[in-house]
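Please open the structure in your viewer and keep the sequence panel beside it. This tour will suggest what to select at each stop and then describe what is there.

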Amino acid sequence: MFIRCFQQVAEGQSITLHHHWVPIDEISDHLPVAVMASEDQRFLLHHGFDYDAIEKAAKRNIQGGKRKLGASTISQQTAKNVFLWPGRSWVRKGFEVYFTALTELLWSKQRIMEVYLNSIEMGDGIYGADAVAEYNFGKKAEDLSRSDCALIAATLPNPRKFSSKNPGRYMRKRQRQILSSMRFIPSFPKEGEDYNPSTSAGGVYSR
């Protein structure tokens, strides 16, 4: 957030920063499911690093393509947003691995998701679920619909380029894809609840 403010000043813009921290119980139940569908479908299963996704991304990038694929988990993104600075150096990546492991060791999945949903950039000068709900949807975070949450998740690869307030055709396509994927993502467990993948077919998937 501070880095973005300095960038705004350097570019001759007025400082724009919207951020309201809210507990995860005051965020729509659809939003954790939407961001898992979009960013990290194995969030409830891994311990900070999705090695299958890393392997697939590495193979794809070696083969070449117009766009390099990443494999950062929600845990890694949380560690980067809270403790580190933007960049792609090996030094920063090393710190990211350390803080991701530490975060997974000390925080529950619910706490990681809460911090993620409150700290991630969701628009130009907009950070966190409650701010994006207010400024882009005219709602509170807890009132966001399933469709709203899918649209927010659709912007996360580049929230300064893609808008959940004025979505174009590409964003609507991404929204539909995420809504479809959400049907196969488990409902996010409350603090103290364990997610057991062996029983997930019994009805804990998000609809």
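Two residues are said to be in contact, or to touch, when they have heavy atoms within 4.5 Å of each other. Keep in mind throughout that the model is predicted.

**The whole chain**

Begin with the whole chain in a cartoon view, where you can look for 9 helices and 3 strands. If you follow the sequence from its start, these elements come in the order α-β-α-α-α-α-α-β-β-α-α-α. The chain has 207 residues, of which 42% count as buried. Among contacts with a separation of 6 or more, 65% join residues that are 24 or more positions apart.

**Met 113 and the core**

Next, select Met 113 and show its side chain together with whatever surrounds it. Leaving out residues up to four places away in sequence, Met 113 touches Ile 24, Pro 32, Val 35, Met 36, Phe 43, Ile 74 and Phe 188. Met 113 and Val 35 are the residues with the most contacts inside the largest nonpolar core, which has 39 residues. At least two residues of this core come from each of helix H2 (30–39), helix H6 (109–119), helix H7 (129–137), helix H8 (146–155) and helix H9 (169–182).

**Phe 43, in a loop**

From Met 113, move to Phe 43, which has its place in the loop between H2 and helix H3 (51–63). Is Phe 43 buried or exposed? Phe 43 counts as buried, because its relative accessibility is 0%, and the cut-off for buried is under 20%. Phe 43 is 70 residues away from Met 113 in sequence, and if you draw a line from C-alpha to C-alpha you will find 9.5 Å between them. Apart from residues up to four places away in sequence, Phe 43 touches Met 36, Ile 74, Ser 75, Lys 109, Ile 112, Met 113 and Phe 188.

**Where H2 meets H6**

Now hide the side chains and colour H2 and H6, so that you can look at how these two helices cross. Two packed helices are described by the angle between their axes and by the distance between those axes. For H2 and H6 the angle is about 85 degrees, and the axes are 11 Å apart. That angle makes H2 roughly perpendicular to H6. By class, the contact of H2 with H6 has 7 nonpolar, no polar and 1 charged residues. To see who takes part, select Leu 31, Pro 32, Val 35, Met 36 and Glu 39 in H2, which meet Met 113, Tyr 116 and Leu 117 in H6.

**Along H6, and on to H4**

Stay with H6 and show the surface of the chain around this helix. Because 10 of its 11 residues are buried, H6 is largely enclosed by the rest of the structure. The buried residues of H6 include Lys 109, Gln 110, Ile 112 and Glu 114. Then turn to helix H4 (residues 74–83), in which Ile 74, Ser 75, Gln 76, Gln 77, Thr 78 and Ala 79 are buried. The buried residues of H4 pack against H2, helix H5 (90–106) and H6.

**Salt bridges**

How many salt bridges does a search of the whole structure find? The search finds 5, and the next selections show some of them. Select Glu 104 and Lys 109, whose side chains meet in a salt bridge with 2.9 Å from N to O; both of these residues are buried.

Within H6, select Glu 114 and Arg 111, which form a salt bridge whose closest N and O atoms are 2.7 Å apart. Glu 114 and Arg 111 are separated by about one helical turn, because they are 3 residues apart in helix H6. Glu 114 is buried, with a relative accessible area of 12%, whereas Arg 111 is partly exposed at 33%.

Finally, select Lys 139 and Asp 148, a salt bridge in which the closest N and O atoms are 2.6 Å apart. Lys 139 counts as partly exposed, at 30% relative accessibility, while Asp 148 counts as buried, at 11%.

**Last stop: Ser 28**

End the tour at Ser 28, in the loop between strand S1 (18–19) and H2. Ser 28 is buried, with a relative accessible area of 5%. Leaving aside neighbours within four places in sequence, Ser 28 is in contact with Ala 141, Glu 142, Leu 144 and Cys 149.

Technical notes. Residues are numbered from 1 along each chain as its sequence is written. This is a predicted model: local features need pLDDT of at least 70, side-chain atom pairs count only at pLDDT 80 or more; totals for chains, interfaces and linings use all residues. Side-chain values use heavy atoms; hydrogens and water are left out. A nonpolar core is a set of buried Ala, Val, Leu, Ile, Met, Phe, Trp, Tyr and Cys residues joined through side-chain atoms within 4.5 Å. Buried means under 20% relative accessible area, exposed over 50%, partly exposed in between (1.4 Å probe, protein chains only). Helices (H or I, at least four residues) and strands (E, at least two) are DSSP runs, numbered from the N terminus. Axes are lines fitted to C-alpha atoms, for helices over the stretch in contact, and angles run from 0 to 180 degrees between N-to-C directions. Angles under 35 degrees count as roughly parallel, over 145 as roughly antiparallel, 65 to 115 as roughly perpendicular and the rest as oblique. Ala, Val, Leu, Ile, Met, Phe, Trp, Tyr, Cys and Pro count as nonpolar, Asp, Glu, Lys and Arg as charged, and the others, Gly among them, as polar. A salt bridge is a side-chain nitrogen of Lys or Arg within 4 Å of a carboxyl oxygen of Asp or Glu.
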